[in-house]
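Visitor: I would like a close look at a single part of this model, with enough of the rest to place it. Please keep it plain.

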Amino acid sequence: MGLLDEKQLAEVLATQMGLPLADLGELIPEPEALALFSETVARDGVFVPLRLVDDKVEIAVAEPNEAQVHHLTKLAGKHVVLYVAPRG
């Protein structure tokens, strides 16, 4: 019985939660999105702001949940769209 690696786990989570999958090896976060959060807050929260789209900020996380959406929405002052990304 094998274990899932981080990429496989992210794929399963994205499918189960109906969220898009983000490949952080191919995406370059936009400076405007990064500027919404301090590096310390992003590292502590284990997320990567990806881009701004209209009144929303797209954010990659390893373990998405509703509490995180509410917290990030409050910090950013914008609607949050989560993407699932492998940790590390």
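Among contacts in the chain between residues at least 6 apart in sequence, what percentage join residues at least 24 apart? And where do F37 and F47, the two members of the aromatic pair, lie?

Guide: The model is predicted, so local features need pLDDT of at least 70 and side-chain atom pairs count only at pLDDT 80 or more, while totals for chains, interfaces and linings use all residues. Residues are numbered from 1 along each chain as its sequence is written, and side-chain values use heavy atoms, with hydrogens and water left out.

The figure is 42%: that share of the contacts between residues at least 6 apart joins residues at least 24 apart in sequence. A contact here means heavy atoms within 4.5 Å.

Now the setting of the pair. The chain has four helices and three strands, in the order α-α-α-β-β-α-β along the sequence. These are DSSP runs numbered from the N terminus: helices are H or I of at least four residues, strands E of at least two. The radius of gyration, taken over C-alpha atoms, is 13 Å, which agrees with the value near 12 Å for a compact globule of 88 residues; that rule is 2.2 Å times the number of residues to the power 0.38. The C-alpha trace spans about 45 × 25 × 25 Å along its principal axes. Of the 88 residues, 30% are buried, meaning under 20% relative accessible area, with exposed over 50% and partly exposed in between (1.4 Å probe, protein chains only).

The structure holds one aromatic pair. F37 and F47 form it, with 5.0 Å centre to centre and 75 degrees between the planes, which makes it edge-to-face. Rings of Phe, Tyr and Trp (its six-membered ring) pair if their centres lie within 6.5 Å; planes under 30 degrees apart count as stacked, over 60 as edge-to-face and the rest as tilted. F37 sits in the loop between α2 (31–34) and α3 (39–45), and F47 in strand β1 (residues 47–53), so the pair ties together parts that are ten residues apart in sequence. Both rings belong to buried residues: F37 has a relative accessible area of 8%, and F47 has 6%.

The residue ahead of F47 in numbering is V46, in the loop between α3 and β1. The phi of V46 is positive, near 55 degrees, though V46 is not glycine. At 39% relative accessibility, V46 is partly exposed. Past the other end of β1, D54 lies in the loop between β1 and β2 (56–61). D54 also has a positive phi, about 55 degrees, without being a glycine, but D54 is exposed, at 73%.

Further along, Q68 in helix α4 (residues 66–76) is buried because its relative accessibility is 14%. Beyond its neighbours within four places in sequence, Q68 is in contact with G45, V61, E63 and L82. V81, in strand β3 (residues 79–84), is partly exposed at 26%. With neighbours within four places again set aside, V81 is in contact with K56, V57, E58 and I59.
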